[in-house]
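This report concerns the fold of a single chain. It starts from one helix and its packing, then turns to the chain as a whole and to one residue.

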Amino acid sequence: MSVDVSIRDDIADFLLNHYNVDLNSVPADATLEDLGLDSLGVLSVADLIETKYDISLDDERIASVKTFSDLMDLIRMKIAESAG
C-alpha cells in the first residue's frame, strides 16, 4: 500500500469515527470546513499523522490548510523531507 493511500485511509477512519463523514463521498477539493473540521479537529488529524508517520507538522502551515488536498500535499511534503 502506498503512503498516500495509507494516510488517506488514516484520515478517513478518523473522520468517520469522530465526525461521521465518509471521505469516499467527499470530493478532493472539499474544504476542511465542508468536512466539519474546526481548528481543533484539524489539529487532532495533524496529531494522528505526526504520531503515526513520525513527522512534525508546523502549526502555522496547518492553519493555512483549507482543503483536504492541501492537507495531503502538506503531509506528503513533510514525509519526503523527513525521508530526505
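## Packing of helix α1

In this predicted model, the buried residues of α1 pack against α2 (39-53) and α4 (68-83). The residues of α1 that are buried are Ser-6, Ile-7, Asp-10, Ile-11, Ala-12, Phe-14 and Leu-15. An α-helix has 3.6 residues a turn, so residues three or four places apart point the same way. Helix α1 itself covers residues 3-19, which is 17 residues. From its first C-alpha to its last, α1 reaches 23 Å, close to the 24 Å expected at 1.5 Å a residue. Just after α1, Asn-20 adopts a positive phi of about 55°.

## The chain as a whole

How many helices and strands does the chain contain? Its secondary structure comes to four helices and zero strands, and the pattern read along the sequence is α-α-α-α. The radius of gyration of the chain is 12 Å, close to the 12 Å that the globule rule gives for 84 residues, so the chain is as compact as a globular protein of that length. Overall values for the chain are collected below.

| Property of the chain | Value |
|---|---|
| Span of the C-alpha trace along the principal axes | about 35 × 30 × 20 Å |
| Buried residues, as a share of the 84 residues | 38% |
| Accessible surface | about 5100 Å² |
| Share of the accessible surface belonging to carbon and sulfur atoms | 49% |
| Distance between the mean positions of the positive and negative charges | 4 Å |

The charges entering the last entry are 6 positive and 18 negative. Contacts in the chain with a separation of 6 or more also show how the sequence is brought together: residues 24 or more positions apart account for 52% of them.

## Ile-49 in helix α2

Is Ile-49 buried or exposed? Ile-49, which is found in helix α2, has a relative accessible area of 0% and is therefore buried, the cut-off being under 20%. Not counting residues up to four places away in sequence, Ile-49 touches Ile-7, Asp-10, Ile-11, Asp-54, Ile-55, Leu-57 and Ile-75. Among these partners, Ile-7, Asp-10 and Ile-11 are buried residues of α1. Ile-49 thus offers a residue-level view of the packing described above, in which the buried residues of α1 meet α2. Thr-67 lies 18 residues from Ile-49 in sequence, and their C-alpha atoms are 16 Å apart in space.

Conventions
Residues are numbered from 1 along each chain as its sequence is written. This is a predicted model: local features need pLDDT of at least 70, side-chain atom pairs count only at pLDDT 80 or more; totals for chains, interfaces and linings use all residues. Side-chain values use heavy atoms; hydrogens and water are left out. Helices (H or I, at least four residues) and strands (E, at least two) are DSSP runs, numbered from the N terminus. The expected span of a helix is 1.5 Å times one less than its number of residues. Buried means under 20% relative accessible area, exposed over 50%, partly exposed in between (1.4 Å probe, protein chains only). Contact means heavy atoms within 4.5 Å. The radius of gyration is taken over C-alpha atoms; the globule rule is 2.2 Å times the number of residues to the power 0.38. Accessible areas come from the Shrake-Rupley method with a 1.4 Å probe; for residues, only the protein chains shown count as cover. Lys and Arg count as positive and Asp and Glu as negative; His and the chain ends are not counted. The place of a charge is taken as NZ of Lys, CZ of Arg, CG of Asp or CD of Glu.
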